[in-house]
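Visitor: I'd like a close look at one helix and what sits around it. Could you walk me through that part and then show how it fits into the rest?

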Amino acid sequence: LFPWLARVYDRDIPNKRPKNSEPEVPEGAGKEVKSKTHTFYQVLIDARDCPYIRAQAEAVTFLGNQDSSRSLYAIPGLDYVAHEDIIPYTTTEKQPLQHELFDKFLVYQPEKDPPFGALDTLRAWQKKNHPWLELSDVHKETTENIRVTVIPFYMGCRESPTSSVYWWRYCIRLENLGDMSVQLRERHWRIFSLSGTLETVRGRGVVGQEPVLSRNLPAFQYSSHVSLQAPSGHMWGTFRMEREDGYTFDCRIPPFSLESKGDEGTTPAPATPTTTTSTTGSE
């Protein structure tokens, strides 16, 4: 649909921390990690691909209308793809992608190359939803051949007479770069708020699953949410992984910042959104 320029922080450094120890500060704190700029694209997911990919169909979410509401609005079938992961192809189909927003956003123009052009509705939707869609930072780290990629997004602030609550969503992608199957068993998060609080979250699996990363299905992607009573903070942690030979290890989640922006409105432009309920525990 449209591109984003993002800063990619790759923290693939050897793990010299003693086994079974857990850092009280983000791994690599105090060590500068330089970023490189990469192009990512906002894309529509073809409905025919959904049965074969392990990613949430409603991963892009927005805050509800009411200041006191805990509801989230989700636009199904959206994702972010890095330029280096794009495989070009051509087609003669008038609707090569099966998605409910395809005809609302794009028009077939056979005399042009590529034969699809953006409608005004796509431009207006992009302008309206820019604050919630913008991808700016990507964080990566690999442990024992398991690569974890984190992309945080600021969602906005909910204000009441007594407090302000800031919300973020974050997308987690796990990839098995090795030959042996590995299963995610537990999660362990540390969430630091600028207000001075440090929260620990532990639990089984993620989003109700304990996914297996195998050679045939090496990737798993999900999104979750976090709220703070401060305009910024940090998150980091580990996933407890179990390999098919019984070996267990902690896979590091790269530390990432939670930064707020000036709210430019409270409601996403409608594009057949569905309503879900937010959760308080980080996944």
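Guide: Let's start with the kink. Helix α2 bends by about 45 degrees at Lys127, the bend being the angle between axes fitted to the seven residues ending there and the seven starting there. A proline, Pro131, follows within four residues. Before going on: this is a predicted model, where local features need pLDDT of at least 70 and side-chain atom pairs count only at pLDDT 80 or more, while totals for chains, interfaces and linings use all residues. Residues are numbered from 1 along each chain as its sequence is written, and side-chain values use heavy atoms, with hydrogens and water left out.

Back to α2. Its buried residues are Leu122, Trp125, Asn129, Pro131, Trp132 and Leu133; buried means under 20% relative accessible area, with a 1.4 Å probe and protein chains only. Helices here are DSSP runs of H or I with at least four residues, strands are E runs of at least two, and both are numbered from the N terminus.

Now for the sheet beside the helix. Seven strands form an open sheet with mixed pairing, in the order β5-β2-β1-β8-β9-β10-β14; two strands pair if DSSP finds at least two bridges between them. At the edges sit β5 (78-82) and β14 (219-228), each pairing on one side only. Neighbouring strands are turned by 30 degrees against each other on average, direction ignored; axes are lines fitted to C-alpha atoms, for helices over the stretch in contact, and angles run from 0 to 180 degrees between N-to-C directions.

Helix α2 (residues 120-133) packs on this sheet and touches β1, β2, β5, β9 (146-159) and β10 (164-176), contact meaning heavy atoms within 4.5 Å. The direction of α2 makes about 25 degrees with that of β1. Strand β1 (residues 2-10) runs antiparallel to β2 (residues 35-44), with eight bridges joining them. One bridge pairs Val8 with Lys36 in β2.

What about the cores? A nonpolar core is a set of buried Ala, Val, Leu, Ile, Met, Phe, Trp, Tyr and Cys residues joined through side-chain atoms within 4.5 Å. Leu133, one of the buried residues of α2, belongs to a core of 25 residues that also includes Val60, Leu101 and Leu135. That core is separate from the largest one, which has 29 residues. In the largest core, Ile172, Leu174, Trp189, Phe239 and Met241 have the most contacts inside it. Strands β9 and β10, which α2 touches, are among those supplying at least two residues each to that largest core.

Definitions and conventions
Buried < 20%, exposed > 50% of the residue type's maximum accessible area, 1.4 Å probe, protein only.
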